[in-house]
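Here is a run of questions on how the labels for this structure are earned. Each answer sets a value against its criterion and then concludes.

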Amino acid sequence: MNNLFGHRRRIYQRWAERTFLVAAYFALAVSLVTLAVLITDILMTGASRLSWDFITSFPSRRAGRAGVYSPLVGTFYMIVLTAVISFPVGVGAAIYLEEYAKKNFFTSLIEINIANLAGVPSIIYGLLSLELFVRLLNLGRSLIAGSLTMVLLILPIIILVSREALKTVPRSVREASFALGASRWQTIWHQVLPISLPGILTGTILALSRAIGETAPLIMIGALTYIAFLPDGLSSPFTVLPIQIFNWVSRPQHAFAVNAAAAIIVLLGVLLSMNAFAVWLRNRLQKRVSW
Amino acid sequence: MNKRKSMFLVKISIITTFVLLLLFAAGRPVHAADIIAIDGSSTVYPITEAVAEEFGAVNRSARITVGVSGSGGGFKKFCRGETDISDASRPIKKKEIDLCKKNKVEFIELPIAYDGLAVVVNPANKWAETMTVAELKVLWEPKAQGKITKWNQVRSGWPNKKIKLFGPGVDSGTFDYFTEAIVGKAQASRGDFTSSEDDNVLVLGVAADKYALGFFGLAYYQENRDKLKVVGINNGSATVKPSPKTVENGSYTPLSRPLFIYVRKDSVKRPEVNEFVEFYLKEGPALAREVGYISLPSDIMSVVTQKYRKGVTNSIYSGNPSVGKSLKSLLNNSVALK
């Protein structure tokens, strides 16, 4: 009897495993095919429109002469500014919460709020920024206001990811460091941070990739669509690629839809090179970890 | 080993900061004053974009920014004094005038082009060649919601099939105008229709469903003639299909509307803003035609130019909708009064 049950269980388990495997393959195939179809569609529509002129021309009413110069440069500035501001603040907050903060009611309140903020729709951040940065702090619809909006948007993600990365550092490393007489600061700066850095960087770049594609909060704070000059200061007006794409997609003439596809390719290019940079940075840092 | 790692990170951040500083130091400082800030309707945007582009070509130092917040969103910023010019696909409303007044923003209202609203159906639709304003009202008024769902409820003899409705976003000036012209009150509409801020979504929706009906700007119909069929509108005296000609000569009523720019009076004192508006009035009609709108006849344009030069403030509609009013006589009155 026992044998019979054991046999049945084995058959059931094998069957379950296969079903699960098929389901997993199916899930993978669905997402890959969807992605492939989208990218092929975009490439087929937009690739012919892509040229150096397209990159270096300002927007225009004539679809054939329009380009993405000002939105591309605007995107670049905004992302660099966002990264420069959000990285130290986010990692700093994560280090405090993970390494210094005492576990009490106050810190758990902060933790819950950060986790919740990571799930807040981006348009809410736009509304907040419109009042706080654009109107109250009187920054206007400037590059710095847009970047700060994005900082707010991705800060919860950076903090969460950095904390997870800090958690992966074994306790033994910290204890060994303390045992050798290192202070808490020395332990964090020389041991904990270098080990967790690849994880932190990956998370930060992923968060920045999200920021690069965001439109809603920027439209909310009143980012612009037509600009025929480049931003030349923190208080300068700016536009970004997603806004230009959104505008072109909603124009009646088909030629603008082609422009939008080409601009999407440019945006994908920016995203891919950012991710490539992240991978390079991570590999470079990872190789050196030895303790 | 770890030290080198940290040093690498420090180096990277120093370089990034340095590059960033360099980039900003290289440019000249911007004063908000020399930027001509424009925002507002997405319908008017293509015209303003074209004018800004041409103006930039002859006037290299001009720094113009154009945003797309919608007519309502544009007025919100305009009446707070945040922009110099506001694009609008409908006249300014009473509460927006009050807001402007509260913030001491005086404005000059300038009609710059006409636009038609096209009511469209699927090309396979062989029955709805024309519709009366009353039939459109039956179909779109608020009490139609959930009740008028089939074509034969609009006119007996039409198919007993479910009608699928498409319309622009409820924040758009287009939606305001259509509801005003058809139902009689802005924003009064049934809510059970597919709405999108992106008119191309509406085009695709109507093109994909034999029993669909939608409305949007004439330019979207003209670019998609092969996918759509336009419905002639019977306004009681004649049945007219929208076209640049019928919109310009005023026979396509009530679904033709003027488009506007609102210029802040204080901003006109700045020479670059004044030059830009003069340029807009001169080149606007040709550029409006080029981007798919209908230009105002030259006699109206000359009154508009007079109105601007005399600095006639306030709205010729005084907060009321523009439906069913003659642009020309209103303009003439306002200029003559000054």
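Q: What is the bridge partner of B:F166 in β8(B)?
A: In this predicted model, B:G214 is the bridge partner of B:F166 in β8(B). On β7(B), B:F166 stands opposite B:T194.

Q: What makes β6(B) and β8(B) a pair of strands?
A: Two strands pair if DSSP finds at least two bridges between them. Three bridges join β6(B) to β8 (residues 212–217) of chain B. The criterion is therefore met. The two strands run parallel.

Q: How do you know that β6(B) also pairs with β7(B)?
A: The same cut-off of at least two bridges applies. β6(B) and β7 (residues 194–196) of chain B share three bridges, in the parallel sense. So they count as paired.

Q: Why is strand β6 of chain B called largely enclosed?
A: A residue is buried if 20 or more other C-beta atoms lie within 10 Å of its own. Four of the five residues of β6 (residues 164–168) of chain B are buried, so the strand is largely enclosed by the rest of the structure.

Q: Which elements make the β-α-β unit that holds β6(B), and what is its handedness?
A: The elements are β6(B), α6(B) and β7(B). The unit is right-handed. In the definition, the strands point away from the viewer and the path over the helix runs clockwise.

Q: Where does B:Q187 lie, and what is notable about its phi?
A: B:Q187 lies in the loop between α6 and β7 of chain B. Its phi is positive, about 75°, although B:Q187 is not a glycine.

Q: Why is B:Q187 called exposed?
A: Exposed means 12 or fewer other C-beta atoms within 10 Å. B:Q187 has 12, so it is exposed.

Q: Why is B:N314 called partly exposed?
A: The class covers counts between 12 and 20. B:N314 has 16 other C-beta atoms within 10 Å, so it is partly exposed. B:N314 is found in the loop between α12 (298–310) and α13 (327–337) of chain B. Its phi is also positive, near 75°, in a residue other than glycine.

Q: Where is the cis peptide bond, and what is its omega?
A: The cis bond joins B:T253 and B:P254, with omega about 5°. B:P254 sits in the loop between α9 (244–248) and β12 of chain B.

Q: Why is B:G72 called partly exposed?
A: B:G72 has 17 C-beta neighbours inside 10 Å. Buried needs 20 or more, and exposed needs 12 or fewer. The value falls in between, so B:G72 is partly exposed. B:G72 is found in helix α3 (residues 70–78) of chain B. In space it is 7.5 Å from B:S172, C-alpha to C-alpha, though 100 residues apart in sequence.

Q: Which residues of α3(B) are buried, and what covers them?
A: The buried residues are B:G70, B:S71, B:G73, B:G74, B:F75 and B:F78. The cover includes β1 (35–40), β3 (85–88), α4 (94–102), α6 (173–182) and β12 (256–264) of chain B.

Q: What are the domains of chain B, and how far apart are their centres?
A: The assignment gives domain 1 (3–114 + 258–337) and domain 2 (116–248). Their C-alpha centres are 30 Å apart. The contact takes 15 residues from domain 1 of chain B and 15 residues from domain 2 of chain B. On the domain 1 side, α3(B) gives the most, with three residues. By class, that side has seven nonpolar, seven polar and one charged residues.

Q: What makes β5 and β11 of chain B edge strands?
A: The open sheet of three strands has the order β5-β10-β11 (chain B), with mixed pairing. β5 (130–132) and β11 (239–240) of chain B each pair on one side only. That earns the label of edge strand.

Q: How do you know that β5(B) pairs with β10(B)?
A: Pairing needs at least two bridges. Three bridges join β5(B) to β10 (residues 232–234) of chain B, and the strands run parallel. So the pairing holds. B:M131 stands opposite B:I233 in β10(B). Helix α5 (residues 133–140) of chain B lies across β5 and β10 of chain B, at about 75° to β5(B).

Definitions and conventions. Residues are numbered from 1 along each chain as its sequence is written. Chains are lettered from A and ligands numbered from 1 in the order in which they are written. This is a predicted model: local features need pLDDT of at least 70, side-chain atom pairs count only at pLDDT 80 or more; totals for chains, interfaces and linings use all residues. Two residues are in contact if their C-beta atoms, placed from the backbone, lie within 7 Å. Axes are lines fitted to C-alpha atoms, for helices over the stretch in contact, and angles run from 0 to 180 degrees between N-to-C directions. Domain bounds come from an automatic or database domain assignment. Ala, Val, Leu, Ile, Met, Phe, Trp, Tyr, Cys and Pro count as nonpolar, Asp, Glu, Lys and Arg as charged, and the others, Gly among them, as polar.
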